[in-house]
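Work through the following exercises with the sequence and the structure in view. Each task is followed by a solution in steps.

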Amino acid sequence: MSVALAGSSTATSKQYEPLRVMIVDDSVVIRGLISRWIEAEPDMVVAASLRTGLDAVNQIDRVKPDVAVLDIEMPELDGISALPKLLAKKRDLIIIMASTLTRRNAEISFKALSLGASDYIPKPESTREPHAADIFKHDLLQKIRHLGGKVRRKATALAPSLAPAAPVLERHREPAAASVASQAALVKRSFGPTAPRVLLIGSSTGGPQALMSLVADIGPVIDRYPVLITQHMPPTFTTILAEHLMRTARRPAHEGIDGEAVKPGRIYLAPGGRHMRVVKQGGNPVIALDDGPPVNFCKPAVDPLFASAIDVWQSGILAVVLTGMGSDGMRGGKEIVAAGGSVIAQDEASSVVWGMPGAAANAGICAAVLPLNQIGPKLVRLFSGDRS
């Protein structure tokens, strides 16, 4: 735990205290595994390890967690039932839903997002598989760190404070993204001179909610052009997401199928566990799926989609990087811009995590950095011929 400088405010001191994590899972194996991982991290601590949702609701006032890792299937009170009760007691609680990869649990995870959960994470089918356990550990710790850290920063920004103490945990943070106030300075490029012929979208943490909002606003674009999306998400979850996108957009949406033609009027979503690229076949664009290694710790990843599209549409690409951890999409975005295409990033204030869009914005490749509710109308104008 870091020690604050004498005289610094309570809010500033709290910013550098370890994140308090409450683990709620009826599996003693999972509780023990997550507890060991968290206790090994200097910037987080296990505030409580509980067996049921009812325990969590009854003890939250005493435990005072910053983050809760909440299982879906538990006795007495399951995760989806405990979720609103926990948020009613602590409105700023970060809740990460943890579930096995079943269709039912995927549906429940999406419902949890609509009820206020911050994110979800799939539990490995067996913790005895080192690769699966390592990915689960990496993803969970990153989600706790970034989502919990954002709430801490908001709380500190709202409270008057003196200069902050030098944090001993700085090595765990990504390079600081530009502040909201300075984001206008990041927009240095004009949109490419070529009218866009395809829309590519990359997203991660917070992406499902952002995608639902976006596709509802871009019906005229979808009707005339193909839309290809990579969302960091496991199998089964992408199947459900595609169904939600179809209902929201009121246009065809499905997971990409290897070898299928890419046509206007459709949304293609990268299936969980496979990278989605686009290639030319007989002069026409088709989907190409591959089972290669993760890129940027992700599979599917955004960069493979972005980079592959250049051979098909050259300068006629408009790419959007939405909320998410890490920097996936930035390298592919650079290649798109170098080929004459354009990139738009979601702004920090409307992002759940400003990692991916922040990386693109700070790389100087964006023609615009916009709030989520302004991206859709901007896309409609751009695809209608407005190049400003």
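**Exercise 1: A pair of helices**

The crossing of helices α10 and α11 is left-handed. The model examined here is a predicted one.

Task: Determine how the axes of α10 and α11 are oriented to each other, and state which residues make the contact.

Solution.
- Step 1. Two packed helices are described by the angle and the distance between their axes.
- Step 2. The axis of α10 (residues 302-313) comes within 7 Å of the axis of α11, and the two cross at roughly 15°.
- Step 3. Angles under 35 degrees count as roughly parallel. The helices α10 and α11 are therefore roughly parallel to each other.
- Step 4. On the side of α10, the contact involves D303, F306, A307 and I310. On the side of α11, M330, R331, G332, G333, E335 and I336 take part.

**Exercise 2: The sheet of seven strands**

Task: Give the strand order of the open sheet of seven strands, and identify its edge strands.

Solution.
- Step 1. The order is β8-β9-β7-β6-β12-β13-β14, and the pairing is parallel.
- Step 2. The edge strands, β8 (253-255) and β14 (368-370), each pair on one side only.
- Step 3. From one strand to the next, the twist averages 20°.
- Step 4. Within this sheet, β6 (residues 198-203) and β7 (residues 227-231) run parallel and are joined by five bridges. S203 has Q231 of β7 as its bridge partner.
- Step 5. Helix α11 (residues 330-338) packs on the sheet and touches β6, β12 (317-321) and β13 (342-346). The direction of α11 makes about 145° with that of β13.
- Step 6. Helix α13 (residues 372-383) also packs on the sheet, where its contacts are β6, β12, β13 and β14. Its direction makes about 160° with that of β13.

**Exercise 3: The sheet of five strands**

Task: Explain why one side of β2 and one side of β5 have no neighbour in the sheet.

Solution.
- Step 1. Five strands form an open sheet with parallel pairing, in the order β2-β1-β3-β4-β5.
- Step 2. Strands β2 (44-50) and β5 (119-122) stand at the edges with a single partner strand each, so one side of each is left without a neighbour in the sheet.
- Step 3. The twist in this sheet averages 25° from one strand to the next.
- Step 4. Four bridges join β4 (residues 94-99) to β5, and I96 stands opposite D119 in β5.
- Step 5. Helix α2 (residues 28-39) lies across β1 (19-24), β2 and β3 (67-71), and runs at about 160° to β2.

Note on methods. Residues numbered from 1 in each chain as written. Predicted model: local features only at pLDDT ≥ 70, side-chain atom pairs only at ≥ 80, totals over all residues. Heavy atoms only, no water. Pairing = 2+ DSSP bridges. Axes fitted to C-alpha atoms, helices over the stretch in contact; angles between N-to-C directions. Contact = heavy atoms within 4.5 Å. Parallel < 35°, antiparallel > 145°, perpendicular 65-115°, else oblique. Left-handed = near helix turned anticlockwise from the far one by under 90°.
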